[in-house]
There are 4 protein chains.
Amino acid sequence: MRTERDVNPDPSALASRFAAVRALSAALVAPLSDADATIQSMDDASPAKWHLAHTTWFFETFVLRDHVPGYRVQDDRFPFLFNSYYEAEGQRHARPRRGMLSRPSLDEIMGYRATVNAALLGALPDLPADARDLVALGCHHEEQHQELLLTDILHHFSVNPLQPAMWQGAPKVPVAMPGPVEWIEGRTGLVEVGHDESSKRENTRIESSESTGDTIDAAGSGFAFDCEGPRHAALLHPHALADRTVTNGEWAAFIADGGYAEPRHWLSDGWAWVQAQGIVAPLYWERSEGGWSRFGLDGRRPVDPAAPVAHVSFFEADAYAGWAGARLPTEFEWEAAASGHDSNGGNQLDAAGAVEPRPSSGGPAFFGDVWEWTGSAFRPYPGFRAAEGAVGEYNGKFMSGQFVLRGGSCATPRGHVRASYRNFFYPHQRWQFTGVRLAKDL
Amino acid sequence: MRTERDVNPDPSALASRFAAVRALSAALVAPLSDADATIQSMDDASPAKWHLAHTTWFFETFVLRDHVPGYRVQDDRFPFLFNSYYEAEGQRHARPRRGMLSRPSLDEIMGYRATVNAALLGALPDLPADARDLVALGCHHEEQHQELLLTDILHHFSVNPLQPAMWQGAPKVPVAMPGPVEWIEGRTGLVEVGHDESSKRENTRIESSESTGDTIDAAGSGFAFDCEGPRHAALLHPHALADRTVTNGEWAAFIADGGYAEPRHWLSDGWAWVQAQGIVAPLYWERSEGGWSRFGLDGRRPVDPAAPVAHVSFFEADAYAGWAGARLPTEFEWEAAASGHDSNGGNQLDAAGAVEPRPSSGGPAFFGDVWEWTGSAFRPYPGFRAAEGAVGEYNGKFMSGQFVLRGGSCATPRGHVRASYRNFFYPHQRWQFTGVRLAKDL
Amino acid sequence: MRTERDVNPDPSALASRFAAVRALSAALVAPLSDADATIQSMDDASPAKWHLAHTTWFFETFVLRDHVPGYRVQDDRFPFLFNSYYEAEGQRHARPRRGMLSRPSLDEIMGYRATVNAALLGALPDLPADARDLVALGCHHEEQHQELLLTDILHHFSVNPLQPAMWQGAPKVPVAMPGPVEWIEGRTGLVEVGHDESSKRENTRIESSESTGDTIDAAGSGFAFDCEGPRHAALLHPHALADRTVTNGEWAAFIADGGYAEPRHWLSDGWAWVQAQGIVAPLYWERSEGGWSRFGLDGRRPVDPAAPVAHVSFFEADAYAGWAGARLPTEFEWEAAASGHDSNGGNQLDAAGAVEPRPSSGGPAFFGDVWEWTGSAFRPYPGFRAAEGAVGEYNGKFMSGQFVLRGGSCATPRGHVRASYRNFFYPHQRWQFTGVRLAKDL
Amino acid sequence: MRTERDVNPDPSALASRFAAVRALSAALVAPLSDADATIQSMDDASPAKWHLAHTTWFFETFVLRDHVPGYRVQDDRFPFLFNSYYEAEGQRHARPRRGMLSRPSLDEIMGYRATVNAALLGALPDLPADARDLVALGCHHEEQHQELLLTDILHHFSVNPLQPAMWQGAPKVPVAMPGPVEWIEGRTGLVEVGHDESSKRENTRIESSESTGDTIDAAGSGFAFDCEGPRHAALLHPHALADRTVTNGEWAAFIADGGYAEPRHWLSDGWAWVQAQGIVAPLYWERSEGGWSRFGLDGRRPVDPAAPVAHVSFFEADAYAGWAGARLPTEFEWEAAASGHDSNGGNQLDAAGAVEPRPSSGGPAFFGDVWEWTGSAFRPYPGFRAAEGAVGEYNGKFMSGQFVLRGGSCATPRGHVRASYRNFFYPHQRWQFTGVRLAKDL
């Protein structure tokens, strides 16, 4: 993690922020029963209860236990149950067994949350700056779990033959189909990318005329995760990006053209995955006599051809791009293009209520709706070093085998994402709201 | 299944019986939350909710739908969800996915039960005899699921690191250790075994002086499952049976003698299982500084050396017997010995509340406490034929790879078991209350 | 194992027998290259080289090492490589890794055989009776491996897309289709079964008028494996057996009638196996435009409708029997019926050369062509006790999960089998020459 | 693939090259028996016979069949058997079943090679330039398989408990331990990397003062694989590289320090791999009382502490680097540093005979001994496009999940590798001669 050392959040602003984040989590699970919140539908997912407790454990452990003298852990069995992957924090319950915990109940976990909330808000005014940084980190951490909570419950409901809806969706207003993609020529040459976590550290000595006079993002302020830095120069080759992401209608054309049956389009590992899993469409799509439908947090509904395609894997994204005569953007092409845009705009998560990708309302947009697969492997930036201690395990140890996604989705809490934000998943994973923007060489 | 065709249960007695069975199921799940009732902790087990719904589906399908004109199925999605293994009844939810169903909720399933209860009790006076037979079968069927419900919830709670107890156990009264086994010489020669489902069918033409004058059981009356018949002559060789089952204390001696580490004692498949699974003790046993403890429906407690060992597999039972210089009884040796005893006696399930095997109070006992592994493969009796239709799938199709157990357990509803009763499990399974009685050749 | 203690084989006869058995093994592998003899095509099978070496290790270990003073093991690495499953003989090479041994070469193993042959023949005149019994056992043991060698090489060649033939088959002479099955009524009541290994031990005190005056087999002389005894009384219920095994033509009718697609015919485990493995016909059958062909040691050829069906599993045999309105015989029904027939007759292995099941030439026959699945689980006879020491692991430890087959096959060395002979395999296995004889209740 | 279009190899030079490559393959397998050449010891490896046949199929298919009028394929079953992964070339034998082919024999495959050799040499003078490019490609392709053949046979012999040696090694001459690593400061800023396959295509419009005047490699001539281009500018950040690779002695210190037991050093996927596989040392290392030994093509011998460590995975390499306070180089840092060095120097494969990594003789060396893991994911260069047709599957479709290795090994045919050469393997793979060079940020 990387905390906003140069920011020193004001305690009362931090308290408001903390309270708001914690309240959103509670609001998100309001439609869920104890049983709904208990099930783990696949190894990659976690029960809603677990998300609620794990985020609480994070605050309790790294803030209250470590920084509040005399604080006593609520339940000494919880660290074993609710540690996610912090090896330095000791043994923990096996990830694929998270769905075996009917106890503690949802009520008990909400009680645990309330107790920790009160303790933390009480302690906050007197916390040292380092600990306040950890509170801020915990808020960003909880926002990540809010998105996972939604995608995990979506998966869980999808495997129930009753196909329950979490929320009723809004009435569908017919929308005009977006026109053909427009290609936006990207910047070429050296650009500065990544988040400048601190002015104290010169993480690069490279100077380039392209990058010095022209800061492409307000990259030096605010919070960022450790993997977003150090800020550094990167070299862009001539290229263009599509002005919008691929739509469901375009994806249906790929399917109709035999895209899933033609090995030529696919990476070797992707083709093996398609064959082994019998993949023929995005996750949650089903074909019936009436055409394609998809499952969402508002239940099963017809696929909207105008909306961005979601729930596709990197393998599918890459195959589609090849079929379309294009390629995926690199993460730095994307960052350079996106950095002039409002990262708080677009279709992101504001409150509890049906979330789904929506048709574009026109104009290039880079944030919200769907995470966009890039062609960049998730690897450390030049000069990257993980933090000391348990929180150092936050991102660095995942830097093999995964690909970077950018831009946030309809399930990302608004305010969470930024141009330098790096999300990452394995190339076969697709239960997140993941989509595709095309790029091409010029 | 085999229904008591010569019995023609009286409708009002049947109604009482039905109501009592259904009420016991409800009482058993009273301590469970919706989440408790939702989890499936392994493929062999099912969620409590599923047991409650499946037994209801059984009545609804085979009685109400098939025999009550105008009856309309409560929810046409339930047959898919709650059919267990009846191929003739069509597609069904995959067994290992039974734990993915947070919906319908426990409340909804209790409502489904209430509706079906009312419909069935209303229809019962006018049901034809065949349908009344199916009601009786459904009651016996539900009793089987009551035992499974308890053993499944025991397993589920055992994998929760919090080790919750379903019920508080009774205070432990110290009991004298049972003395050494006494050997009871068994009958030799031809005996009649199995249940005489009907006087109409002569299932054997074998006459033997041993068996004709001396009916070893009141085998011709009452209900039995199809696999218990036809009644037929069997040949017993000279042998003796132990007067009680093996105790935890004796089992601890087997462990201490290296019983789990010596391949010589084990069947080849058993040894492979021990090695692959790292088996070193009965299921639910754990060793700590204070000695062995076991997990039960009353939580984790010290192992009682005087109580019968439970939760051992056939492989373990067979290895123990070899180590002890003995063998397992055949199912007919057991049946011949047990048939003079009261099948309603001993430690069986009477009501909701902590159940566990208890030390013997003296005198040979064959029923209750633990199911006893026999050395007999579960195969059809001479002249066996499965019933027509879906209920014909009840037992016959499971007649490969499994071994017969006899006698009932502390979790078997009292009145359910009888001398001819054949339970059956695979040789590695041990989450039931399964124990061992020794036998030897004379 | 059980050796012919009351026989005390004459040393020179034993030497001839030993030489003949050893020579047949060598003749069988004559068509094989070193590479042919090295491959292990599945876990259940072993390389031909391994069979050649393992049978030699058996003689070297249990006779030469244990009974010939001063004998020095040829290569102290061979016991690790060529012990099959004798836990008492220590660590051994993992069974599924037997195909990783290009060294020692086939030539080296033939050299190992020659050395052990010479040593054993030299030592034989002076061997004590116990050791001579072990030589006799080793000959029977090697005959078992001769059959396995053939079925294993058949499987190995079957997975090679080139489908090589081991031997050229004889020209096919058209044969009249066998007529409909004739039913032979079996004996009823008590019969004596099993092999009488010794007159010294009274293994049963049961007397019955049926069995005393009428010995159904010359069961008291000659060699038998331990699992064939003790000889004991068994009770037969009224039944009849088919006078021949099921033909390929009859099996094709089962297929054509949808036999593999109808769960009603199948045991539950069998149906799961059919579904998981995509089973639609006997092993080695393939359907092309010209109809069904099968792969044999003479390569791929059309299925002969008049010949006995082979390479079917117990699950298939049981399903076929149910479809045909019959059942499988018990092993004792089979033994009682077969005991009056010449166990050396029929189509058995005489010499190297193409072997395959052949159409019946008329008259009831019980030996040769195909092993016949019985409905009897492979379990110990009353009074069975395994021998002390490593050879005690010969059969007893396999007495769970397997079914008994009777009668020998076209790949069984003539003279090896007898009425009391019990072969056994798991219910899904079918790479042996395994077929079906129907039985029915009377 | 990328052929030397601007080179137009002279037919007679190409014939000599072809003959030499083909002869080396034959020489490499001279010590192998048919059985040795048949075994496949793991899915990742292939039998020696298969390498010999597959490389021949490559020439036969893409040159003779496609470019020589009237050529008739030797055996129409071979394409199915010996196609590796070219989807466009149709169905093929399953990769994990390559070890099931005792037929065709090694002799038959050597005959197949001879026939194709003769046909190709006969046709070569008249081949069009495109086809000559394919001959050249086939030679490079066969060189890759020569290295795989050696590493695959090494693995195969390693799993044989007899631990056979392929060749006798040279007598060991004691060598002084290399001194501490010296750090070589690398170039900073823009550099040109990759192979310039053609002057006809401007693959980048980026100009930088660093790269224009100062070509870092003779990158515009000779053969290269498609994934090595297009040549393009890359940006290097301040860094230094070790002057040599990590030694066995240094690795032993990592082990002794608990390197394999401390999750802090490991990537998350790497730690999971270490735990699941029980990894405690490089592949082929074993610890006995006398210390560490390793298995090589010269059998099992003591580990030489002065020699480069080999047979480590990316996960191990990365963990070691973290433990050592360093990191892995990027592929462009490596390429920039190596481009001034002689790619034909160092310990590479010259002829059949024992190969193993050897202690450094001093001075920075970048080629030979061991492939060096880089921290760069194997992804396409800017402007990369796979060739049309089947040979387009050569590299591009493997561009996910793998990491780049550079520099060649002791088993790489001398002349095969160059500064721009990109080898690639999955991060857990380690049966190649794979080692580690450290890098650090400045």
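Start by selecting B:Ala35: of the residues of chain B, its C-alpha comes closest to the rotation axis, at 2.0 Å. To see the axis at work, lay chain B on chain A: a turn of 180° and a shift of 0.0 Å along the axis give an RMSD of 0.0 Å. The two copies are thus related as by a two-fold rotation axis. The superposition is a least-squares fit on the C-alpha atoms of residues with pLDDT of at least 70 in both copies.

A word on what you have loaded: this is a predicted model, where local features need pLDDT of at least 70, side-chain atom pairs count only at pLDDT 80 or more, and totals for chains, interfaces and linings use all residues. Residues are numbered from 1 along each chain as its sequence is written, while chains are lettered from A and ligands numbered from 1 in the order in which they are written.

**Where chains meet, and where they don't**

Stay with chains A and B. 100% of the interface residues of chain B are also interface residues in chain A, so the copies meet through the same surface. Contact here is a matter of C-beta atoms, placed from the backbone, lying within 7 Å.

Next, show chains B and C together. Their contact takes 31 residues from chain C and 31 residues from chain B. On the chain C side, the elements giving two or more residues are strand 2 (189–193), strand 3 (232–236), helix 8 (268–277) and strand 8 (371–377). Strand 3 of chain C supplies the largest share, 4 residues. Helices (H or I, at least four residues) and strands (E, at least two) are DSSP runs, numbered from the N terminus.

Now try the other pairs. Chains A and C share no contact, and their closest C-alpha atoms lie 15 Å apart. Chain B and chain D do not touch either, with nearest C-alpha atoms 15 Å apart.

**A long stop in chain B**

Select residues 129–158 of chain B, which make up helix 5. This helix has 30 residues and reaches 44 Å from its first C-alpha to its last, close to the 44 Å expected at 1.5 Å a residue (that is, 1.5 Å times one less than the number of residues). Is it out in the open or enclosed? 25 of the 30 residues of helix 5 of chain B are buried, so it is largely enclosed by the rest of the structure. Buried means 20 or more other C-beta atoms within 10 Å of a residue's own, with C-beta atoms placed from the backbone.

Still in chain B, pick out the open sheet of 4 strands in the order 10-9-8-11, with mixed pairing. Strand 10 (423–425) and strand 11 (434–435) stand at the edges, each with a single partner strand, so one side of each is left without a neighbour in the sheet. Strand 9 (residues 403–406) pairs with strand 10 in the antiparallel sense over 3 bridges; B:Leu405 has B:Asn423 as its bridge partner there. Pairing requires DSSP to find at least two bridges between the strands.

**Two hairpins in chain D**

Jump to D:Arg294 in strand 6 of chain D, which stands opposite D:Trp285. Strand 5 (residues 285–288) and strand 6 (residues 291–296) of chain D run antiparallel, joined by 4 bridges, and the hairpin between them goes through 2 residues. Follow the chain onward: strand 6 also pairs with strand 7 (residues 299–302) of chain D, antiparallel over 4 bridges. In strand 7 of chain D, the bridge partner of D:Arg294 is D:Arg301. A hairpin through 2 residues makes this connection from strand 6 to strand 7 of chain D.

Conventions
Two residues are in contact if their C-beta atoms, placed from the backbone, lie within 7 Å. A residue is buried if 20 or more other C-beta atoms lie within 10 Å of its own, exposed if 12 or fewer, and partly exposed in between; C-beta atoms are placed from the backbone.
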